[in-house]
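Hi,

Here is the structure I said I'd pass on. Have a look, and my notes follow below.

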Amino acid sequence: MKLDPIRPVETMGPYESCWCRSGKKYKWCHFRREQQKPVNIFEIEARMIAELRDGYCSHPDPSADPCSATITKAHTVQKKGGLAAIAEAGHVLTVKPSMKEMIETDGNPRPRKVGVNNASVFPGFCSKHDTMLFKPIEGKTLSLTKDTAFLFSYRAIAYERFAKEAQLRNTDIQREADCGHPFWKQAMIQTHLAAIIDGIKIGMRDMDLWKGQLDERLLSGERQDFHYVAVRFDQVLPVVSCGAFHPEFDLQGRPLQQLGRESVDFDHITLTVTTFESQTIVVFGWIGTDNGPAKALADSFAAVEDTRKADALVRLLFIHTDNLFLRPSWWESLPEASRKALNEMTRSGTTMRSRSGGEMADDATSFLAAGVVEVVSG
Ligand SMILES: [Zn+2]
Ligand SMILES: [Zn+2]
């Protein structure tokens, strides 16, 4: 994708397409923007959150079996099993910061409390397809097989695609953040936003490709080139999560692939952490070769000594996903140094902190202790 920087201009013809690329005519967009009523950033955030609640069904082919009328308030990890197992007084902690905390903490927010009902909500399927598709992984018990692993991966990708798409919708709201500001600041805000939009569009294209691959296999039942590694712990770990990412370093800190912005030819991996029958299960899933970066990451997790696996998992989660929920008392009980280290990992891969092998590798810090009862792959 060719990235073409925007060129802010102070005045334009009223019916020319506005320089900010909103698609609106100048007259209805940046004309006299410095005189427009400033938008409160909390208002913008509230509108963005509302956008995330605006759901639709992600089923790839509802023609044979049409959607039901209601979009379900589904969760990326089961509310009854996964979230309930780590909740305390109906609450868990989320690592996703709010705008208010970003400001109050000078860009260094801490995990915050969120009600179980609002944690990991994902209005990405109609209730019929949600029930139909995920029934095998929504029961009280779970057998770790290629088919159940596939469903965890499918839900993770559907969620990631939904989140990216909502992010893109959100940028329309963010375009108004420069109302009431002088031209130089409008230019700065819109240039920054344009770069963000380019990034989201690349991510979106990536997600479409990736979900498309899983859609095909969902409909055909073909699982030949889908692979997984799953681990069952001997107890409930204080974390649940669901997400997908590009593996960059393995759990020994070795580089797996270099990410560039132009190509989408990168291995992806999904990671789901939830609980069945008082035992946490962890499922890695990916499509593609049996020797690529995704496989290497999953193998590196399997290779971690069993007594260190839970710690490796905690590092991996804080580094790679913000769709991560924590048991409050566990977080509070960690030494301040551990909390600080984990907090910093949540900024990994952002402009605040680049990724490194060092953060993935085991530095002997222990966040929790647990044993492993089952490791399966295929
Ligand atoms: Zn404009
Ligand atoms: Zn549907």
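Strand E2 (residues 91-94) pairs with strand E9 (residues 324-326) in the antiparallel sense, over 2 bridges. Strands here are DSSP E runs of at least two residues, helices are H or I runs of at least four, both numbered from the N terminus, and two strands count as paired if DSSP finds at least two bridges between them. Thr 94 has Phe 325 in E9 as its bridge partner. E2 also runs antiparallel to strand E3 (residues 112-115), joined by 4 bridges, and there Leu 93 stands opposite Lys 113.

Before going on: this is a predicted model, with local features needing pLDDT of at least 70 and side-chain atom pairs pLDDT 80 or more, while totals for chains, interfaces and linings use all residues. Residues are numbered from 1 along each chain as its sequence is written, chains are lettered from A and ligands numbered from 1 in the order written, and side-chain values use heavy atoms, leaving out hydrogens and water.

Now the second largest pocket (an open set of points on a 1 Å grid over the protein atoms alone, where a 1.4 Å probe fits, with protein on both sides within 12 Å along at least five of seven lines; lining residues have an atom within 4 Å of a point). Its lining has 18 residues, with Gln 78, Lys 79, Lys 80, Gly 81 and Glu 138 nearest the centre. Strand E1 (74-75), helix H2 (79-86) and strand E7 (269-276) each give two or more residues to that lining. H2 has the largest share, 3 residues.

Cheers
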